[in-house]
Amino acid sequence: MIRLDREQARRIAVRAQLLDARRSGSVAEVVDELTLLQVDPTAAVAPSVDLVLWSRLGDGYEHSDLTFALESERSLVELSSYVRAMDDIGLLLAVAPHDLHPTIHEWLAANQLFRSDVLGLLDAEGPRTAAEIPDTCEVPWASSGWNNDKNVNRLLEVLTLMGDVAITGRRGKLRVYDLPERVYPGDLDVPSYDDARAALDRRELAALGIARSGPGEEASVEGCDGAWHVDPDALAAADAAFAGRCAFLSPFDRLVHDRERALDLFDFEYVLEMYKPAASRRWGYFALPVLHGDRLIGKLDAKADRKAGVLRVHALHEDVPWEPEVGDAVEAELVTLADWLGMGLVRG
C-alpha cells in the first residue's frame, strides 16, 4: 500500500480543489475541474457559488460570468441543487433516474396526466417558472412539511433528474424550466448506468484528489486510520513543489464539505452554525473556513451589510495562534474580499 504523510495528503487535496497558488482561467474551467458547485441561497457574505468561484478565479470574477456560462455560452447547466459542466449532463442523466427513491417513481407514475400537462405547456408556450405552471396534480406529494403544496416544484425537480425537462436559466432567484432539446446539446449521449457511474466516480475522485472511497490508488495516510483512495494523476504529482496561498472558503466548499475528511487530513473541526441559536455558536452564523497554504487555520465570522455598504467582521477565530506572516496574509485577503464585494471594511 502507498504511504503518504499528512502534508502530502493535504497538498493533494488542496491542488485538486484549485486552491494552491495557480488561478484558473474561466468559470467553466473551474466547474469542470471541481465537477460541481452547490447552489445555496444563503448570502451572509456572498452566495456560495460566488464564494467558491471567487476563491479560485480572484477579483476579476463577477456573478454575471456564471450567468453567461449558464445561459449564453451553455458550457454549464443547473441540475437539481448543483451547477454542472454541460459535458457531464449525459453521465448525470444516465445515473439520476436510477438513484431516485422508489416512492418518487411511484408518485410520478400516479401523476402521468400532471406530467403530460407540464410538458405540453412548455412545448406550446416555452420556458416557465414553477409559479407559472398550473398544479393539476392527481396525487399530491406526501410531504412532512417542507414540500407541502409544492407539487409543481416537486414534479419539475423529478422531471429534471429524469431528463424530461431542463433548467434553462433563472429569473431573479426563480429557476426557469424548458424542454431539454432546447437546452441540452442536440448530440447528447446518455451512456449505460454502469459506464456513467464509473466515469462520474473517476471525475469525483480527481476533483477531491484523495477520499475514503473511489477508483484510484489505495493508500494509507500517516496518523489516519483506515485506507484512502488517491487519484493517480494527483499521486504522480504528490512530491512536486507546492505553492500555496490564503483563501476564505464557503461552508459548502468541497475542500471542507466532508467534515470528517477535513478533521482527518487537516485537523480542522467545523460545523455550519446557521441553524443553531446564537448563544450556542462557537464561530458564527455563516463562518468561512480560512485556508493558508496547505492548512485550514481558522474561521472568519463576517456579514455583508448591503444597506450600509460594509463588510462587518465580527471575529477571526484562530484554531492555533497564527504567526505574524500568517496573520498578515489573512488581513490582506480580508481587504481583498471587501474590495471584491465593493464594500468598506468594519471590524467588531
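User: Which helices and strands each supply at least two residues of the lining of the largest pocket?

Analyst: In this predicted model, at least two residues of that lining come from each of α4 (63-71), β3 (76-79), α8, β5 (166-171) and β6 (174-178). Of the elements involved, α4 gives the most to the lining of the largest pocket, with five residues.

User: How is such an empty space found, and how many residues line the largest pocket?

Analyst: The general idea is that rolling a probe the size of a water molecule over the atoms shows where empty space is left. Here the largest pocket holds about 1,300 Å³ of space, and its lining is made of 36 residues, with V39, E78, R170, K173 and R175 lying nearest the centre. By residue class, the lining of the largest pocket divides into 17 nonpolar, nine polar and 10 charged.

User: What is the volume of the second largest pocket, and which residues lie nearest its centre?

Analyst: The second largest pocket has a volume of about 390 Å³, and it is lined by 19 residues, of which R84, L92, V95, D99 and R197 are those nearest its centre. At least two lining residues are supplied by each of β4 (82-85), α5, α8 and α9 (193-208), and the lining as a whole divides into nine nonpolar, two polar and eight charged residues.

User: Helix α8 appears in the lists for both pockets; how should I read the way α5 packs against α8?

Analyst: Two packed helices are described by the angle between their axes and the distance between the axes. For α5 (residues 89-99) and α8 (residues 151-162), the axes come within 7 Å and cross at roughly 125°, which means that α5 is oblique to α8. The contact involves L93, A96 and P97 on the α5 side, and T160, L161 and M162 on the α8 side; these residues divide into five nonpolar, one polar and no charged.

User: At what angle do the axes of α6 and α8 cross, and which residues meet there?

Analyst: The axes of α6 (residues 102-109) and α8 come within 11 Å and cross at roughly 110°, and the two helices are therefore roughly perpendicular to each other. The crossing in which α6 passes α8 is left-handed. From α6, residues I104, H105, W107 and L108 meet N151, R154, L155, V158, L159 and M162 of α8, and the residues of this contact divide into seven nonpolar, two polar and one charged. M162 of α8 thus appears in the contact with α5 and also in the contact with α6.

Technical notes: Residues numbered from 1 in each chain as written. Predicted model: local features only at pLDDT ≥ 70, side-chain atom pairs only at ≥ 80, totals over all residues. Heavy atoms only, no water. Axes fitted to C-alpha atoms, helices over the stretch in contact; angles between N-to-C directions. Helix = DSSP H or I, 4+ residues; strand = E, 2+ residues; numbered from the N terminus. Parallel < 35°, antiparallel > 145°, perpendicular 65-115°, else oblique. Contact = heavy atoms within 4.5 Å. Nonpolar A, V, L, I, M, F, W, Y, C, P; charged D, E, K, R; others polar. 1 Å grid on protein atoms, 1.4 Å probe; cavity = no way out; pocket = protein on both sides within 12 Å on 5 of 7 lines; lining within 4 Å. Points joined across faces, edges and corners; volume = space filled by probe spheres on them. Left-handed = near helix turned anticlockwise from the far one by under 90°.
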